Amino acid sequence: RIEQIEELKALLLEIEAVQRELEKTKQHLVALHQEQSSRHQALVDAQKQRKTNIKQLKAKVNSTESSINYLKENEKTLVTTLQELEKEKNKKVELLGLNASKGKLNWPTKGKLAHKFGQRKHGGIDWKGVLIEANEGNQVASVHNGQVVYADWLKGYGWVIVVDHGEGFMSLYGHTQTLLKDVGDMVRQGDVIALVGQSGGQANSGLYFEIRHKGRAVNPVKWCRRL
């Protein structure tokens, strides 16, 4: 009987020892699991950070490429502009007069003749040019290459611009709304130099246009194409 009791005690001690070992093993496994979970999460976080870094790097590369392209485009525009300016500088405007263009000049603006050259004005004075009835704001173009020699207000004619074409030829544009060129400016045939208006006391909008040769007014109708 005593031997059985002793054997039972020994068995119980052995079971306790086994349970302690099992508990240690369990705790070790739990620790391993937690460590694996932490490593897995760290790996996931690292992968996410890598993706984010790659995305940011691509964005920076794209931004840098865009900036480089923008700078290249600006440089290209600048070079083109300078080349155009150099070409314009080399294209000297020659003032050769209007003789070779008689009957071929374009009218300075679109419209119809309201008053003709030589027509009698009030007070017995003849028209020295023509009055072209035109819409306010219409463009006024130089009839030929020349240099602006007058651009100011002239009593009775409003805002006036005068272009010297060389060889004694000049053209005058009056009653304008706005002058777009200054004295000294070189202009080419067709360049816009003013806008049609009704300055100088005109009731309606229109352009007063004269051609003079050596100070004498000539009939613009004979120098310009059919209106």
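**Exercise 1. Strand β9 and its neighbours**

How many bridges pair β9 with strand β10 (residues 216-218), and in which sense, parallel or antiparallel? Then place the other partners of β9 in this predicted model.

*Solution.*

Step 1. Start with β10. Three bridges pair β9 with strand β10 (residues 216-218), and the sense is antiparallel. Within this pairing, Arg 212 stands opposite Ala 217 in β10.

Step 2. Look at the connection. β9 and β10 make a hairpin, with two residues between them. Lys 214 sits in the turn and has a positive phi of about 55 degrees.

Step 3. Turn to β6. Here six bridges pair β6 with β9, again in the antiparallel sense. Phe 169 faces His 213 of β9.

Step 4. Add β2. Strand β2 (residues 130-133) runs antiparallel to β9 and is joined to it by four bridges. Glu 133 has Gly 206 in β9 as its bridge partner.

Step 5. Check the surroundings. Six of the eight residues of β9 are buried, so β9 is largely enclosed by the rest of the structure.

**Exercise 2. Two aromatic pairs**

Classify the ring pair Trp 107 and Phe 209. Do the same for Phe 169 and Trp 223. State which parts of the chain each pair ties together.

*Solution.*

Step 1. Set the scene. The structure holds five aromatic pairs. In one of them, Trp 107 and Phe 209, the ring centres are 6.1 Å apart and the planes meet at 70 degrees. Planes over 60 degrees apart count as edge-to-face, so this pair is edge-to-face.

Step 2. Locate the partners. Trp 107 belongs to the loop between α1 and β1 (112-115), while Phe 209 belongs to strand β9 (residues 206-213). The pair therefore ties together parts that are 102 residues apart in sequence.

Step 3. Test for burial. The cut-off for buried is under 20% relative accessible area. Trp 107 has 12%, so Trp 107 is buried. Phe 209 has 0% and is buried too.

Step 4. Take the second pair. Phe 169 and Trp 223 have ring centres 5.3 Å apart and planes at 65 degrees, so this pair is edge-to-face. Phe 169 lies in strand β6 (residues 169-179) and Trp 223 in helix α2 (residues 220-223), so parts 54 residues apart in sequence are tied together.

Step 5. Test these rings as well. Phe 169 is buried at 1% relative accessibility. Trp 223 is buried at 7%.

Step 6. Widen the view. Trp 107, Tyr 173 and Phe 209 form one aromatic cluster.

**Exercise 3. Two salt bridges**

Where do the two salt bridges lie, and how accessible are the residues Glu 35, Arg 39, Glu 210 and Arg 212?

*Solution.*

Step 1. Begin in the helix. Glu 35 and Arg 39 form a salt bridge through their side chains, at 2.7 Å from N to O. The two are four residues apart in helix α1, which means about one helical turn separates them.

Step 2. Read their accessibility. Glu 35 is partly exposed at 36%. Arg 39 is exposed at 57%.

Step 3. Move to the other bridge. The side chains of Glu 210 and Arg 212 also meet at 2.7 Å, N to O. Glu 210 is buried, with a relative accessible area of 4%. Arg 212 is partly exposed at 28%.

**Exercise 4. Helix α1 and a buried threonine**

Which residues form the nonpolar surface patch that includes Ile 15? Is Lys 60 buried or exposed? What does Thr 176 touch?

*Solution.*

Step 1. Find the patch. Leu 8, Leu 11, Leu 12 and Ile 15 form it, and together they have about 360 Å² of accessible area. Ile 15 is part of helix α1 (residues 2-90). At 39% relative accessibility, Ile 15 is partly exposed.

Step 2. Follow the helix. Lys 60 is also in helix α1. Its relative accessibility is 59%, so Lys 60 is exposed. From Lys 60 to Gln 139 is 79 residues in sequence and 49 Å in space, C-alpha to C-alpha.

Step 3. Contrast with strand β6, where Thr 176 is found. Thr 176 is buried, at 0% relative accessible area. Leaving out residues up to four places away in sequence, Thr 176 touches Trp 159, Ala 194, Leu 195, Val 196, Gly 197, Ser 199 and Leu 207.

Technical notes. Residues are numbered from 1 along each chain as its sequence is written. This is a predicted model: local features need pLDDT of at least 70, side-chain atom pairs count only at pLDDT 80 or more; totals for chains, interfaces and linings use all residues. Side-chain values use heavy atoms; hydrogens and water are left out. Patches are made of residues with over 30% relative accessible area and no salt bridge: like charges are joined within 9 Å, nonpolar side chains (Val, Leu, Ile, Met, Phe, Trp, Tyr) within 5 Å. Accessible areas come from the Shrake-Rupley method with a 1.4 Å probe; for residues, only the protein chains shown count as cover. A salt bridge is a side-chain nitrogen of Lys or Arg within 4 Å of a carboxyl oxygen of Asp or Glu. Buried means under 20% relative accessible area, exposed over 50%, partly exposed in between (1.4 Å probe, protein chains only). Rings of Phe, Tyr and Trp (its six-membered ring) pair if their centres lie within 6.5 Å; planes under 30 degrees apart count as stacked, over 60 as edge-to-face and the rest as tilted. Two strands pair if DSSP finds at least two bridges between them. Contact means heavy atoms within 4.5 Å.
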